[in-house]
Amino acid sequence: MASPEVRNDTDKQQYSLVEDGEVIGFAAYELDDDEIRFVHTEVDPAHRGGGHASILVEHALDDVRSGSLRVVPQCSYVKAWIEKHPDYQELTTR
């Protein structure tokens with residue numbers, strides 16, 4: 001079993017969590033001017049409880065950090081994750 005990989009699928013407007021060639025989770029977003037709004041995060045039920053959602057969100061936010069977009073966490077999971085990780089909170093105010 002390979003470790004999961006996170007890809008930005010811009011055509012679907014989502015970050016996809018891929019394991020062994022299969023999408024096992026995603027973080028959907030909407031772009032608007034200088035904002036990226038995370039609207040929904042989901043992990044396949046068979047893969048829940050293994051930290052996959054956290055891996056997905058961390059990698060997605062790291063990717064966003066490399067640009068200049070401000071994060072708007074409309075998804076409750078992304079919002080809670082950012083609240084628990086103070087070093088990512090600056091993404092919501094830039």
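This briefing covers the strand pairing, helix 1, the nonpolar core and the salt bridges of one structure. The model is predicted. Strand 4, helix 1 and strand 5 form a β-α-β unit of right-handed sense. The largest nonpolar core contains 19 residues, and the structure has six salt bridges.

**Strands**

- Strand 3 (22-32) and strand 4 (35-43) run antiparallel and are joined by eight bridges.
- These two strands, strand 3 and strand 4, make a hairpin with two residues between them.
- In the turn of that hairpin, D33 has a positive phi of about 50°.
- D32 is placed opposite E35, a residue of strand 4.
- Strand 4 also pairs with strand 5 (residues 70-73), here in the parallel sense and over four bridges.
- Within the pairing of strand 4 and strand 5, I36 has V71 of strand 5 as its bridge partner.

**Helix 1**

- Helix 1 covers residues 52-65 and has 14 residues.
- From its first C-alpha to its last, helix 1 reaches 20 Å, close to the 20 Å expected at 1.5 Å a residue.
- The buried residues of helix 1 are H52, A53, L56, V57, A60, L61 and V64.
- Viewed down the helix axis, these buried residues fall within an arc of 155°, so they line one face of helix 1.

**Nonpolar core**

- In soluble globular proteins, nonpolar side chains tend to be buried together.
- In the largest nonpolar core, the residues with the most contacts inside it are Y15, I36, F38, L61 and V71.
- At least two residues of this core come from each of strand 2 (14-19), strand 3, strand 4, helix 1 and helix 2.
- Helix 1 gives the largest share of the core, five residues.
- Two of the core residues with the most contacts, I36 and V71, are also bridge partners in the strand pairing.
- L61, another of those core residues, is among the buried residues of helix 1.

**Salt bridges**

- Side chains of opposite charge can pair when their charged atoms come close.
- R37 and E35 form a salt bridge with an N to O distance of 3.8 Å.
- R37 has a relative accessibility of 16% and counts as buried because the cut-off is under 20%.
- E35 is also under that cut-off, at 17% relative accessibility, so E35 counts as buried.
- E90 and R65 meet through their side chains in a salt bridge of 3.4 Å, N to O.
- R65 belongs to helix 1 and E90 to the segment after helix 2 (76-84), so the pair ties together parts that are 25 residues apart in sequence.
- Both members of that pair count as partly exposed: E90 at 36% relative accessibility and R65 with a relative accessible area of 29%.
- E30, D32, E35, R37 and R70 are joined into one network by salt bridges that share partners.
- Two members of that network, D32 and E35, are the residues that stand opposite each other in the strand pairing.
- E5 and R7 form a salt bridge in which the closest N and O atoms are 3.3 Å apart.
- In this pair, E5 is partly exposed with a relative accessible area of 40%, and R7 is partly exposed at 37% relative accessibility.

Conventions. Residues numbered from 1 in each chain as written. Predicted model: local features only at pLDDT ≥ 70, side-chain atom pairs only at ≥ 80, totals over all residues. Heavy atoms only, no water. Salt bridge = Lys/Arg side-chain N within 4 Å of Asp/Glu carboxyl O. Buried < 20%, exposed > 50% of the residue type's maximum accessible area, 1.4 Å probe, protein only. Core = buried A, V, L, I, M, F, W, Y, C linked by side-chain atoms within 4.5 Å. Pairing = 2+ DSSP bridges. Right-handed = clockwise from strand over helix to strand, strands pointing away. Expected span 1.5 Å × (residues − 1). Arc of directions from axis to C-beta.
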